[in-house]
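Colleague: Could you take me through one part of this model slowly, and show me how it sits in the rest of the chain? I'm still learning to read these things.

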Amino acid sequence: MNFTPCTEQEIADRKLWAKAVYAFEIIEAAEKVSQQGGNPMIELKLRITRPDGFSRVITDYLVEKRIEKLRNAARACGLLDRYEAGSVIENDFVGKRGKLKLGIEKGKKGYPDKNVVTDY
């Protein structure tokens, strides 16, 4: 049998975490254009950490269409002044820490359920 081997970390990363509030650190941020709608967005790579110290990396997307989430992310990262000025850039977010609300999105088109950031 042929297969793609996974490390213990990769297997753990595939498991769903419970809906809850978790600590985060933004390890990467990139300004991009969304595939659906062609809207400007900032893609964040976040390291989230459970109280037991276990962590994993997830991706979140900040778009103007979800302005409340964008504002809350800016506030959680200490960037409310930048938000209120109407301009945030990718580098503003890198290295920032805070708390986020993690949820579960039902899988679509054969993909499994996955964790998503519902708010900051």
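Modeller: Sure, let's look closely at helix 2, with a quick tour of the whole chain to get our bearings. Keep in mind that this is a predicted model. The chain has four helices and five strands, and if you walk along from the N terminus, they come in the order α-β-β-β-α-α-α-β-β. Lay a box along the principal axes and the C-alpha atoms fill roughly 55 × 35 × 25 Å. Of the 120 residues, 31% are buried.

Now zoom in on helix 2, which covers residues 67-76. Which of its residues are buried? They are Lys69, Leu70, Asn72, Ala73 and Ala74. So what's doing the covering? Among the elements lying over those buried residues are strand 3 (55-63), helix 3 (80-84), helix 4 (90-93) and strand 5 (114-119). Have a look at Gly78 as well: it follows helix 2, and its phi is positive, near 75°.

Back out to the whole chain for a moment. Take the contacts between residues at least 6 apart in sequence: 46% of them join residues at least 24 apart. As for the outside, the accessible surface comes to about 8200 Å², and carbon and sulfur atoms account for 50% of that. On the charge side, you'll find 22 positive and 18 negative side chains, with the centres of the two sets 5 Å apart.

Key. Residues numbered from 1 in each chain as written. Predicted model: local features only at pLDDT ≥ 70, side-chain atom pairs only at ≥ 80, totals over all residues. Heavy atoms only, no water. Helix = DSSP H or I, 4+ residues; strand = E, 2+ residues; numbered from the N terminus. Buried < 20%, exposed > 50% of the residue type's maximum accessible area, 1.4 Å probe, protein only. Contact = heavy atoms within 4.5 Å. Areas by Shrake-Rupley, 256 points an atom, 1.4 Å probe, with all protein chains shown as cover. Lys, Arg positive; Asp, Glu negative; His and termini not counted. Charge placed at Lys NZ, Arg CZ, Asp CG, Glu CD.
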